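Visitor: I should like to go through this structure with you and ask, for each term applied to it, what justifies the term. May we begin once it is on display?

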Amino acid sequence: MQNLSRRSVLTLGAALGVTAVADPSKAWAWSSAESIAAVDTVTDPWKVWDDATDPLVASLLDNGQIPAVNAAFASWRANGDPLPAGLPANLTTYLQQVNTLPSWADQTKLARAAQFNKRMSLYLFLLYGLGSGIMSTVIPREARNVYWSEGGAVMQSRAAKTFTYGYDLSALDAFQPTGGFVVTSNKTRLTHAAVRHLLPTSAKWRAVTDDQDFIPISNGDILVTFHSLGTYVHGKLKQWGIRMSAAEEEAYLHQWQVALHLLGVRDDFIPASWAAAKSQSAYVLTPIMGSTPEGVALADILLNLVSQVDLGVTKGFQREFARYVLSDKIGDWLKLPRDYASRTLIEVGWPAYVAFREGLSPIIPTSFSVFDQFVRGLAMLFLNNGTSPTYTPITIPTGNRPG
Ligand code: HEM
């Protein structure tokens, strides 16, 4: 954990749209009474991994079966597809159990979330891409995990795979038989289990990690990442004054609750309401953010990937926008260069752009076209799967970062 003072934690929390910030020196104290399971217990999620998946994937890796699994998975795309033929029997048995929605999933809410995602799409591309994506690089464990895992050396294809997850989550039929999100989540869950088995064999990762017992990606870590995605985005939309009905807010949370379940997070850790999510985020995310050499390197790579497409703005503007949505503290940690003229334009122009788009102001801001081209360019980047010409399937790694 970085040595953040309580005051700077509060400032960072406010900048990220999380108002309540717990004292980082306090132990885990989030009661599961506020979770989907609604049981009044306090369990440390950083000591929980994925018992249903980890031993299975470890054995598949040890037996050299993963390349054949990846090959069989290539044609497995839609939730309603039959499980691919030719998988090891123990993997088929496992998938028969997990390749389904939880009993508490509510199709009405999921359908409402899909419509909400569509209506919010331009803001979502921007906030997930420049907000959450760059925030992941100041989550120390995630930055070190991503950097030292196999995909850390090929960030363009890794970004494209992450876009696949986002694309499948945001599709109108994401949770329907024709959609692909349940399948993509299962591939991701298996990928995380592989990382848990592989990264501990990396001497370079072991030299820098603070992960419990040298096992990465605990339930606690996944919750942290959820807050950098869903909770952060929800907070920003509220902060920007974007109109959302109570039902839409609930639906957007529900989609993430199901997503967390599909990634193997226990129901007693999944927040049941936005209030519970925000209080959990205050414990798990805000206090642990900080700078690492791996995170600085990854942020630079990711921002350069975004710069490859023409967003009609300078690199300086793009870096300042990342600072604007994440805070200057995070921008400084990541050594993002300053461009004060762009910052002034953003601070005046962005709220005016949002107000006009949302029908809260009749005045077209003079900078409207700058922001419009910028957000539409980011949307195209996402829809083109991160400049990759074709759909990039998620594949289970078989090694760590080479070299
Ligand atoms: C892989 C999503 C949490 C570390 C992936 C992939 C997706 C994904 C879609 C497959 C694409 C790829 O290979 O890059 C998510 C989501 C999370 C989450 C939605 C939480 C809501 C985490 C956390 C960590 C982590 C907490 C580490 C602390 C990794 C690593 C890979 C990976 C190391 C593998 C990269 C490789 O192939 O080398 N994740 N993840 N993820 N994730 Fe996550």
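Visitor: What makes the pair formed by His192 and a nitrogen atom of the ligand a polar contact?
Guide: In this predicted model, a polar side-chain atom of His192 lies 2.9 Å from a nitrogen atom of the ligand. A polar contact is a pair of N or O atoms within 3.5 Å; within protein, one must be able to donate a hydrogen and the other to accept it, and residues adjacent in sequence count only if both atoms are side-chain atoms. The separation of 2.9 Å therefore meets the limit of 3.5 Å. An oxygen atom of the ligand is also 3.0 Å from a side-chain N or O atom of Ser149, and one is 2.8 Å from such an atom of Arg158.

Visitor: Why is His192 called a donor of the iron atom?
Guide: Donors are N, O and S atoms within 2.8 Å of the metal (3.2 Å for Na, K and Ca); water is not among the atoms, so sites may look incomplete. NE2 of His192 is 2.2 Å from the iron atom of the ligand, so the atom qualifies under the 2.8 Å limit. His192 is the only protein donor and lies in helix 9 (residues 181-198), where helices are DSSP runs (H or I, at least four residues) numbered from the N terminus.

Visitor: How do you know that Arg196 is buried or exposed?
Guide: Buried means under 20% relative accessible area, exposed over 50%, partly exposed in between (1.4 Å probe, protein chains only). Arg196, also in helix 9, has 5% relative accessibility and therefore counts as buried. Its side chain makes a polar contact of 2.6 Å with that of Asp54 and reaches the backbone oxygen of Ile217 at 2.8 Å.

Visitor: Why is Asn70 placed in the category it has?
Guide: Asn70, in helix 3 (residues 66-73), has a relative accessible area of 16%, so the residue is buried. Beyond its neighbours within four places in sequence, Asn70 is in contact (heavy atoms within 4.5 Å) with Thr395 and Ile396.

Visitor: How do you know that the span of helix 14 agrees with expectation?
Guide: The expected span is 1.5 Å times one less than the number of residues. For the 15 residues of helix 14 (residues 293-307) this gives 21 Å, and the end C-alpha atoms are 21 Å apart, so the two agree.

Visitor: What conventions apply throughout?
Guide: Residues are numbered from 1 along each chain as its sequence is written, and side-chain values use heavy atoms, with hydrogens and water left out. As the model is predicted, local features need pLDDT of at least 70 and side-chain atom pairs count only at pLDDT 80 or more, while totals for chains, interfaces and linings use all residues.

Note on methods. Helix = DSSP H or I, 4+ residues; strand = E, 2+ residues; numbered from the N terminus.
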